[in-house]
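This report looks at a few charged and polar side chains and their surroundings. Please keep the sequence and the 3D view open while reading.

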Amino acid sequence: MRIRIDGTRAEIVDALFRLRLHFTVIGVSRAYADRARPHHWRVYLTTTARDRKPPR
């Protein structure tokens, strides 16, 4: 699955941390500057669903 994240660098770092709790991140693109909004960036992730172990 491909996921696009838009935001400031701090927002992107926070989103990456949170997404890694639920998905296995296979790849992360470089940060692309958003032409319409200064100080905003785009990052593309390639992920797979993380296997959930049943509770004991």
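Where is the place of Asp34? Asp34 sits in the loop between strand E3 (32-33) and strand E4 (41-49). The model is a predicted one, and the values below are computed from it.

**Asp34 and its surroundings**

Asp34 has a relative accessibility of 16%. Asp34 counts as buried because its 16% falls under the 20% limit for that class. Leaving aside residues up to four places away in sequence, Asp34 touches His40, Trp41 and Arg42. A polar atom of the Asp34 side chain also lies 3.2 Å from the backbone nitrogen of Ala36. In addition, Asp34 forms a salt bridge with Arg37. Arg37 is partly exposed, with a relative accessible area of 38%, whereas Asp34 is buried.

**The salt bridges**

How many salt bridges does the structure hold? There are three, and the table gives the partners with the distance between the closest N and O atoms.

| Acidic residue | Basic residue | Closest N and O atoms |
|---|---|---|
| Asp6 | Arg4 | 3.0 Å |
| Asp14 | Arg18 | 3.0 Å |
| Asp34 | Arg37 | 3.1 Å |

The salt bridge of Asp6 is with Arg4. Asp6 is partly exposed at 34% relative accessibility, and Arg4 is also partly exposed, with a relative accessible area of 46%.

The salt bridge between Arg18 and Asp14 belongs to helix H1 (residues 9-20). Because Arg18 and Asp14 are four residues apart in this helix, about one helical turn separates them. Is Arg18 exposed or buried? Arg18 is exposed, with a relative accessible area of 52%; the class follows because exposed means over 50%. Its partner Asp14 is partly exposed, at 36%.

**Thr24 in strand E2**

Another residue to find in the view is Thr24, which is placed in strand E2 (residues 23-28). Thr24 is partly exposed, with a relative accessible area of 34%. Which residues does Thr24 touch, not counting residues up to four places away in sequence? They are Thr46, Thr47, Thr48 and Arg50. For one of these contacts, Thr47, the spacing can be given in two ways. Thr24 and Thr47 are 23 residues apart in sequence, and their C-alpha atoms are 5.5 Å apart in space.

Conventions
Residues are numbered from 1 along each chain as its sequence is written. This is a predicted model: local features need pLDDT of at least 70, side-chain atom pairs count only at pLDDT 80 or more; totals for chains, interfaces and linings use all residues. Side-chain values use heavy atoms; hydrogens and water are left out. Helices (H or I, at least four residues) and strands (E, at least two) are DSSP runs, numbered from the N terminus. Buried means under 20% relative accessible area, exposed over 50%, partly exposed in between (1.4 Å probe, protein chains only). Contact means heavy atoms within 4.5 Å. A polar contact is a pair of N or O atoms within 3.5 Å; within protein, one must be able to donate a hydrogen and the other to accept it, and residues adjacent in sequence count only if both atoms are side-chain atoms. A salt bridge is a side-chain nitrogen of Lys or Arg within 4 Å of a carboxyl oxygen of Asp or Glu.
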